[in-house]
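Trainee: Could you take me slowly through a single part of this protein and what surrounds that part? I would like one connected account that I can follow with the structure open beside me.

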Amino acid sequence: MTTPTRTAIIAGNWKMHYGPSLATSFTHEILPRLGELVQQYPHILCILCPPAISLLAVREALVAQPFPRIELGAQNMYFEEKGAFTGEISPTMVRELCSAVILGHSERRTYFGETDELVNKKARAALKHNLRPIVCIGENPEEHEAGMTEQVIRFQVQYSLSHFPAQQVKEVVIAYEPIWAIGTGKAATPAGAGQVIQLIRQLFAHMYGSEAASTLRILYGGSVTSDNISEFIAHPDIDGALVGGASIKPDFVEIVHKTIEVMRQ
Ligand code: PEP
């Protein structure tokens, strides 16, 4: 078995699906096979990201059937530690249950007005509290059509990913998610995604040095299913996937299975 340079990450963003009861039953449904797969292959990490209200239920299911490298992540959090921020959850609250948190998802940016500056504050707060931030960036359909992808990515990397402490930068995960590919069934091509991911890695190297950039995990996200995951994983610059729609179906397990199959080759 060859050892990959970077451990792959397959993260499932359940979005606003599955309250505590359904989250529990779905976790119990997928966990035996998922656990068996990750036990057989040490270079993969799976992160389940249910809605905030279901985090405890999924944590309990994971504690009942513990497997290494199946972790829990939140879909969002605020950067302040406590206070009068109705409806928000803090990094310390998330840390009680989770090891990771998705930040700056395009749906947060589009529907809830999140800016790069806010995403950056959240990512820094996550690092401070030992949470692995999965920071999402990506161009929208108009920017894509106008050939502005590189410009948008440069801006987002510079402003969402700045001022990270050097000793924690290795915990950062970036998800490149072209917005036109999210939930549309029209995934990017692995070559197209790989090109943008190479640019992200270069920009990160300018900010944090080439060693930090070489260990940085950059995931692809956008209409990933078990039918196309193999092509993405086979691309040397793509370190895994952030999966939306397919993560709330048993197909998620098949995505992990196919990822392992490709990585083993
Ligand atoms: C996402 O929500 O991060 C995502 C990539 O969604 P989908 O896989 O459904 O395109």
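Mentor: What follows is a close look at one helix, α5, and then at the parts of the chain around it. Please keep in mind from the start that this is a predicted model, and that the values I quote are computed from its atoms.

Helix α5 covers residues 116-128, which makes 13 residues, and the distance from its first C-alpha to its last is 18 Å, close to the 18 Å expected at 1.5 Å a residue. As you look along this helix, you will find that Asp116, Val119, Asn120, Lys122, Ala123, Ala125, Ala126 and Leu127 are buried. It helps to remember here that an α-helix has 3.6 residues a turn, so residues three or four places apart point the same way. The buried residues of α5 pack against three helices, namely α3 (91-97), α4 and α7 (149-160), and against two strands, β4 (100-103) and β5 (132-137). Just after α5 has ended, Asn130 takes a positive phi of about 60°.

One residue of this helix is worth a pause, and that is Asn120, whose place is in α5. Asn120 counts as buried because its relative accessible area is 5%, and the cut-off for that word is under 20%. If we leave aside its neighbours within four places in sequence, Asn120 is in contact with Tyr159, Ser160, Leu161, Ser162 and Phe164.

Now turn to α3, one of the helices against which the buried residues of α5 pack, and find Pro91 in it. Pro91 is buried, with a relative accessible area of 0%. Setting aside neighbours within four places in sequence, the contacts of Pro91 include Ala125, His129 and Leu131, and also Met77, Tyr78 and Phe79. Although Pro91 and Leu131 are 40 residues apart in sequence, their C-alpha atoms are 7.8 Å apart in space.

Helix α4, another of the packing partners of α5, leads us to the largest pocket, which has a volume of about 520 Å³. Helix α4 (residues 106-112) gives the most to the lining of this pocket, with four residues. The whole lining has 19 residues, and Ala52, Gln75, Asn76, Arg108 and Phe112 lie nearest the centre of the pocket. By kind, the lining residues divide into 10 nonpolar, five polar and four charged.

The strand β5, which also packs against the buried residues of α5, lets you step outwards into a series of paired strands. β5 and β6 pair in the parallel sense over four bridges, and within this pairing Ile137 has Tyr176 of β6 as its bridge partner. Strand β6 (residues 173-176) has Val173 and Ala175 pointing one way and Ile174 and Tyr176 the other way, and all are buried. β6 pairs in turn with strand β7 (residues 217-221), again in the parallel sense and over four bridges, where the bridge partner of Tyr176 is Tyr220. Tyr176 is therefore a good residue to select on your screen when you follow the path from β5 to β7, since it has a bridge partner in each of the two strands, Ile137 and Tyr220.

Key
Residues numbered from 1 in each chain as written. Predicted model: local features only at pLDDT ≥ 70, side-chain atom pairs only at ≥ 80, totals over all residues. Heavy atoms only, no water. 1 Å grid on protein atoms, 1.4 Å probe; cavity = no way out; pocket = protein on both sides within 12 Å on 5 of 7 lines; lining within 4 Å. Points joined across faces, edges and corners; volume = space filled by probe spheres on them. Nonpolar A, V, L, I, M, F, W, Y, C, P; charged D, E, K, R; others polar. Expected span 1.5 Å × (residues − 1). Buried < 20%, exposed > 50% of the residue type's maximum accessible area, 1.4 Å probe, protein only. Contact = heavy atoms within 4.5 Å. Pairing = 2+ DSSP bridges.
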